[in-house]
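Got your viewer open and your selection tool ready? Load the model below and follow along, one stop at a time.

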Amino acid sequence: YTVTNYDSNNIMTWNRGKHSVKFGADYLFTEYYQPTNSNFNGTFAFNGKDTNDGIGDMLLGFTSSTSRKIGTVTNHIKEYALGAFIQDDYKIFPSLTLNLGMRYEIQGAPYEKDGLETSYVPSLGKAIVGSAASLPNFAAVVASAGLTGEVGVASDYGLPASLINTNYDNFAPRAGFAWRPFGNNKTVLRGGYGIFYTGSRLSAMRTDITGGFPFSVAQSFTGTTSNPTALTLGNPFPAALAKVTGTTTTSGYEVNPPSPYLQSWNLTVEREIGAGVVVEVGYSASKGTHLGRKYDINQEIRTPTDQLSNGLYPRPFPGFTDIEYYSFGFNSSYQAGTVTVRKQVSRSMFFRANYTYGKSIDDNSGLNYAGDGGYQGAQDSTHTLLERGRSDFDVRNVFSMTFYFASPFRNHFLTKGWQLSGSGTAYSGQPFTPKLSGPSQDLAQATRPDRIASGTLPNPSPTDWFNLNAFVTVPDSAFRFGNSGRNIIDGPGTLAVNLALAREFFIGERNRLQFRFESFNFTNHTDFQLPNITLDKANAGTITGNKPARQLQLVLRYEF
C-alpha cells in the first residue's frame, strides 16, 4: 500500500511593543491506497488427507482446503485537515511573559473515493454502504447472503457517502507563562495549558470499514478424501464446493463521532545551583477525552432463561453476529512528577539525568489493538467501564541519563581528541492482563478469570513470574464474567547502559578521522520480555524471551 501526504502551511509574525503575534494556517491532505485486499490470490492448505503427508498432497496437487476473496478489493482512502491559529507572546514585564493562543481545526471525515465502505449503524439496525455504484447487482449479492433488509445504501438514509459526518467545533485554546521571580536570573517558573486534537487512524478504517462485504466476498472450499480430485491445485475454487463466509460479521463506525482531544498542563520550577548545573522540578498531566476504541456491540445476551432453540443466545442486533464497532466515548488520565539535573553544554562536558514517577490509566490503550500484555476489546460489551485500568504502556518509575566528556588535555598527542559519552535507562515493568484463550468474547463467555489473590510473587523468576493459583477460570455454566481486572500485574523492568569511546584525528583544516568503540547494554544486564499471560496454555506465567544482550562495535568515520 502507499500513503501520500500533502502539507502546506504559512506562518506570519507581527511585532508591536510588548506583543509578538504569530498567526497562520495549514492544510494537510492524506491518501491511503492499497490496490489489493488480503487473500485476493487465494490461500491453499495441505494437511495430508490423501497421502498422510502434507508435502505429498502438495506434490500430487490435492489441496485439503482453499479460500479467497472475490469482488472489488481496492481501498483508496482520502482525508483532509484544515487548521488556523493565532498566538500572542506578551512580555508584560522583563521578568514575565504570557503566551496566549487559539487554534481552530477542521478534520474532514475519511472516505473511500468510490464509496466502498460498509459501516453498521445501530440507530438504523442496518449495515450501510457508502455507494452501490460499483455493484449493479447489489440487491442480488445481499439477497444471496440472506441479508435482504439488513444492508442499505447511505443515500437512502440521508447519510454522506463517507458514512461519517465532519465536526466543525474543534477550538483549541493554549495558554502559558514564564516568570523569573523578583528579577532573579537563576530561577524560572514556567507553566502551560493547551488542548490538542488528534486525527483519524486510516489503517483501522482500511482494515475494518473498507473493501468488505458486499464489495468483496470471502469464499472457502473444503475437499474430501472420498473424491480427492474435486479440489486440486488445477481446480482450486470449484463452484460446487464454494461456501460464502463472513457475511454475518461486520464493523461499524460512529456516524457523528466527537473529535478526540487531549488536555495537557504542566508547572515547572527551574533553578541554577552553580557551575552551570541546573535542577528542574516539574508536574505534568493530561486528560484524553472522546478517545476511540473498538469492541463487539453485538455480543450474545447470555442468561440461563434466554437460550434459543438452536442452542445459541439472542443478540442486540439480529441478523448479524460479531459487530466490531468504533465508538468515541472513552477517556484517559496521566499524571507525573519529574526531577531533572543537567549541566549546560560546555566545551568539555555535558550531562543530564531525569527521574519520573507517573501513572497512566485509560479504558483502552489503542483504537483497534492492544499493546504487549494488554487486553483487546471488552469482556462485557454492556459495561465497558469495567475495562478501566492502567494503560498498556504505563511505567511507574523511569530514570534516564546521558553524558558527554571530552579530554581537557589538548596539547599532547596521547591525550587530545578523546571523548567519552553514554546514555542509560532504568524503568519498572509495564503491566499485563492474565486472560484465557478458550472462551469466546463474542459469545459472552468469561475471557478473564476470577482473581482470588493478588497474583504477585515475592521472588518472581523467568519460569514462574506470577501466581497462577491466584486466578480461577469461571465455568461456562455460571453465566457471568470473570472479576479479574485489566493490567493488574507488573512485568519485568529494564536496565540498559550504553557507552562510546571515541578519538578524533584532524587532517588539515577541513578533514578529520574519528574512531569509535561502542557498547550497547554495557553491563550485559538481562532484560526479560513479558511472560505468557494466557492462563489456559501450558507455559502460562513463564518468560520465553529476553531483550538483546551486550553488543560491541567498532566505527571508523572520515569527514571532509
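Here is a short tour of ring pairs, charged contacts and a surface patch.

Before you click, know that this is a predicted model, where local features need pLDDT of at least 70, side-chain atom pairs count only at pLDDT 80 or more, and totals for chains, interfaces and linings use all residues. Residues are numbered from 1 along each chain as its sequence is written, and side-chain values use heavy atoms, with hydrogens and water left out.

**Stop 1: aromatic rings**

Searching the whole structure turns up 13 aromatic pairs. To count, rings of Phe, Tyr and Trp (its six-membered ring) must have centres within 6.5 Å; planes under 30 degrees apart are called stacked, over 60 edge-to-face, and the rest tilted.

Select Y120 and F317: this pair is edge-to-face, with 5.4 Å from centre to centre and 65° between the planes. Y120 belongs to strand β8 (residues 118–121) and F317 to the loop between β17 (277–296) and β18 (323–343), so the pair ties together parts 197 residues apart in sequence. Strands here are DSSP runs (E, at least two residues), numbered from the N terminus.

Are these two buried or exposed? Y120 is buried, at 1% relative accessible area, and F317 counts as buried too, at 18%. The scale is simple: buried is under 20% relative accessible area, exposed is over 50%, and partly exposed is in between (1.4 Å probe, protein chains only).

Hop over to F466 and F471 next. Their ring centres are 6.1 Å apart and their planes are at 80°, so this pair is edge-to-face. Both F466 and F471 are buried. Then pick F44, F221 and F237, which ring pairs link into a cluster.

**Stop 2: charges over rings**

Now show R448 with Y375: the charged end of R448 sits over the ring, 4.4 Å from its centre. R293 lies over the face of F330, 5.3 Å from the ring centre. The rule asks for NZ of Lys or CZ of Arg within 6 Å of the ring centre and within 35 degrees of the ring normal.

**Stop 3: salt bridges**

How many salt bridges are there? The count comes to 24, each being a side-chain nitrogen of Lys or Arg within 4 Å of a carboxyl oxygen of Asp or Glu.

Click on R103, which forms a salt bridge with D26, the closest N and O atoms being 2.9 Å apart. D26 is in strand β2 (residues 19–34) and R103 in strand β6 (residues 96–107), 77 residues apart. R103 also forms a salt bridge with E105, at 2.6 Å between the closest N and O atoms. As for cover, R103 is buried at 17%, E105 is buried at 10%, and D26 is partly exposed at 22%.

Finish this stop with R190, E270, E280 and R342, joined into one network by salt bridges that share partners.

**Stop 4: a nonpolar patch**

Finally, turn on the surface and select M349, F405, W418, L420, L501, F505, F515, F517, L552, L554 and L556: they form a nonpolar patch with about 990 Å² of accessible area together. Patch members have over 30% relative accessible area and no salt bridge; nonpolar side chains (Val, Leu, Ile, Met, Phe, Trp, Tyr) are joined within 5 Å, like charges within 9 Å. Areas come from the Shrake-Rupley method with a 1.4 Å probe.

Which strand gives the most to the nonpolar patch? That is β29, with three residues. For a last click, try W418 in strand β22, partly exposed at 32%.

Definitions and conventions:
Helix = DSSP H or I, 4+ residues; strand = E, 2+ residues; numbered from the N terminus.
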